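Please open the model in your viewer and keep the sequence panel beside it. This tour moves from one selection to the next and says what is to be found at each stop.

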Amino acid sequence: LTRSVLILGAGAAAAAAALALTRDRGLSVTVLDIGETLPPVNRDAQQRLSIARRDEWSEADLRTVTEQPAANSIGGLPEKRTYGSAYPFQDVGQRAGLTALDEANEAVVSGAYGGFTNVWGAQLMPFTAATFRDWPVSSADMGPAYAAILNEIPLAGEEDDLADLFPLLAPSKPLPPLSERTRQVLHRYDRYRPRLNRRGVSVGRARLALDSRSCVRCGLCMTGCPYSLIYSAAHTLTRLQQSQQITYHRGLLVSRIEEHDDGVTVLAREIGGTAFHRFTADRAFVACGAIGSTRLVMGSLELFDEPVSVAESTQFVLPFLSARPVPDPRAADDFTLNQFNMVVDLDGGHDVSQLHFYNYNPAFLDNLPAVLRRDRAEPVRRSVLRRLTVALGYLPSWAAPTFELTARKPADSCSLPDLELTAGPAGFRSNRFLRQVLGRVTAVAPALDLWPALPVLSMSKPGKSYHWGATFPHTTRPNGPFSSDVLGRVGGWRRVHMVDAAVFPTVPATTFTLTIMANAYRIADTVRRELSSP
Ligand SMILES: Cc1cc2nc3c(=O)[nH]c(=O)nc-3n(C[C@H](O)[C@H](O)[C@H](O)COP(=O)(O)OP(=O)(O)OC[C@H]3O[C@@H](n4cnc5c(N)ncnc54)[C@H](O)[C@@H]3O)c2cc1C
Ligand code: SF4
């Protein structure tokens, strides 16, 4: 008898679960997904660029694929575009009935094939070993799963001081050549290292999910790499489809899961229609993104009118200026993903904040103060751009504000429940953890010639970090409906496994998605072995 599994969603967690499950060729693996993709106009332009040399690229195609990030209703960092499209953020029905109050981000459930990894920054580091002290899963348990995922993803990065807390765990390729600013900062760090390390500060190169060998430094990374060198979960899922290891169904909004004695039934509605489809399998893996999965599971288990807390690694945006200018970055050939990181370690690997530094990219221009955008401000603008870098920093969830989700009973038992997303007051300037981090960053400013522009520090709105989860945290002793065992099983279910960040016990302030993938792989691989044993 063929054993069968369903994977719900097609983002990073789903790709990792699929990787583990397809190790058993006897298992039938089906993926159900909303499955939005790049519109044909943008896809055609990207494909023409992908097969041409950089000096052959047409201006018209470049205009199509380089739409800059767009402001959204809650302000803060503008929303990214990929190849000129917003499809990873677009609502095709998956957000109907979802209300975000208190200026919270409402674009929290992707409907894209590949999910948010179509627009991510591709930063790829594991969690520190100390993070797992708060998890019922040890750092050693995660080791093989991290290695399996890094075997699938191209890794660009180098062994440097960051490897003390964030080991590479797999062979890597060097990053593309770094910008002048990054080289200056790394050089100064080398020179003043003991002084910085005494303050718990270390600096090192970015670690990226990037096929760096083919990079032509065209600077288009933030709007979509014409050669698709930046990893997306869609790459893995497409490979598994092409080799006929998975069956993929798109255009389906999964709205209910039921478990019975001999298996699982999943109900899905056609996107843009009213028809429902029913799927059955031995097991189901829920991978709709932490908030999408939480909504689906709350509805299926009928957990209505009971708020659940979402742990978020809140993001802050902090520009830096340097006294020594570099040549005008607008004229330089460069890659525009994160190039270097600063790690502020307050206590030996647990209370850690990462700051990811970005050198110039064209979105900087739109976000300069109005006075610097005027034509006649060009000399001052040039001078600022020659000195400016922008850092995205994070606070760990245990030192950051949470937000809440409340599900309301839907009109019929086949639909997703309505969902309210509410946040409390943030009051970030009084946040003790943030003040400690900023204190260290300011203390090392002279050594690195990186001066934080503290008056323009901004905190992203609730849900905007895209680093959130922990609604059904793993625990060895499940207590109440909002917890899962170490295989992501909730509410007494034995055959349904949540595998995305919904089951994280905490969300540290370090890069996030590699651990989502490793944890999903760990769960799915354990289940695969269970299913394979006679
Ligand atoms: C701008 C941006 C930059 C980022 N940068 C980084 C970074 O540099 N490093 C990092 O570690 N992380 C980063 N992230 C976060 C990262 O993208 C996410 O952590 C990751 O995509 C989460 O993967 P996931 O599989 O859990 O969910 P998602 O990526 O949200 O995928 C969810 C999947 O489920 C499907 N789905 C949803 N609901 C349903 C339903 N009801 N029925 C059927 N299918 C459904 C969707 O179609 C999608 O395929 C970034 C995110 C953004 C938005
Ligand atoms: S610079 Fe960025 S967009 Fe250009 S080839 Fe390299 S990775 Fe791709």
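## First stop: C221 and ligand 2

Begin by selecting C221, which counts as buried because its relative accessibility is 16%, under the 20% that sets the limit for a buried residue. Bear in mind from here on that this is a predicted model. C221 is found in the loop between strand 4 (201–205) and helix 6 (233–242). Add T82 to the selection: the two residues are 139 apart along the chain, and their C-alpha atoms are separated by 9.3 Å.

Now show ligand 2, for C221 is one of the residues that surround this ligand. The others to select are L210, C215, V216, R217, C218, G219, L220, C225, P226, L229 and F335. Sorted by class, this shell consists of 10 nonpolar residues, one polar residue and one charged residue. Where does ligand 2 sit? If you display the cavities, you will find ligand 2 in the largest cavity.

## Second stop: aromatic pairs

Next, display the aromatic side chains; the whole structure holds 16 aromatic pairs. Select F320 and F357, whose ring centres are 4.9 Å apart and whose planes meet at 55°, so the pair is tilted. F320 belongs to strand 11 (residues 315–321) and F357 to strand 13 (residues 352–358), so this pair ties together parts that are 37 residues apart in sequence. Are these two residues buried or exposed? F320 is buried, with a relative accessible area of 0%, and F357 likewise counts as buried at 0% relative accessibility.

Move on to F472 and F482, where the ring centres are 5.4 Å apart and the planes stand at 45°, so this pair is tilted as well. F472 and F482 both lie in the loop between strand 19 (468–469) and strand 20 (496–498), so the pair ties together parts that are 10 residues apart in sequence. Both F472 and F482 are buried.

To finish with the rings, select F127, F132, W135, F504 and F512 together, since ring pairs link these residues into a cluster.

## Third stop: two helices

Select residues 290–300, which form helix 7; 11 of its 11 residues are buried, so helix 7 is largely enclosed by the rest of the structure. Clicking along helix 7, you pass A290, I291, G292, S293, T294, R295, L296, V297, M298, G299 and S300, each of them buried. Then go on to E302, which follows helix 7 and has a positive phi, near 55°.

For the other helix, select residues 513–532, which make up helix 13. How many of the 20 residues of helix 13 are buried? The number is 16, so that helix 13 can be described as mostly covered. You can also check its length by placing a distance label between its end C-alpha atoms: at 1.5 Å a residue, the 20 residues should span 28 Å, and the end atoms are indeed 28 Å apart, which agrees.

## Fourth stop: positive phi in one loop

Turn to the loop between strand 3 (98–100) and helix 4 (139–152), and select D102 there. D102 is not a glycine, yet its phi is positive, about 55°. At 44% relative accessibility, D102 counts as partly exposed.

Keep the loop between strand 3 and helix 4 in view and select A122, which is also found there. A122, again a residue other than glycine, has a positive phi near 65°. A122 is buried, with a relative accessible area of 0%.

## Last stop: two contacts across the sequence

Select K461, which is found in the loop between strand 18 (458–459) and strand 19. With a relative accessible area of 24%, K461 is partly exposed. Add E103 to the view: K461 and E103 are 358 residues apart along the chain, while their C-alpha atoms are separated by 6.7 Å.

Finally, select A311, whose place is in strand 10 (residues 308–312). A311 counts as buried at 13% relative accessibility. Which distance separates A311 from F403 in space, C-alpha to C-alpha? The distance is 7.1 Å, although A311 and F403 are 92 residues apart in sequence.

Conventions:
Residues numbered from 1 in each chain as written. Chains lettered and ligands numbered in written order. Predicted model: local features only at pLDDT ≥ 70, side-chain atom pairs only at ≥ 80, totals over all residues. Heavy atoms only, no water. Near = heavy atom within 4 Å. 1 Å grid on protein atoms, 1.4 Å probe; cavity = no way out; pocket = protein on both sides within 12 Å on 5 of 7 lines; lining within 4 Å. Sits in = over half its atoms within 2 Å of the grid points. Nonpolar A, V, L, I, M, F, W, Y, C, P; charged D, E, K, R; others polar. Helix = DSSP H or I, 4+ residues; strand = E, 2+ residues; numbered from the N terminus. Expected span 1.5 Å × (residues − 1). Buried < 20%, exposed > 50% of the residue type's maximum accessible area, 1.4 Å probe, protein only. Phe/Tyr/Trp six-rings, centres within 6.5 Å; stacked < 30°, edge-to-face > 60°.
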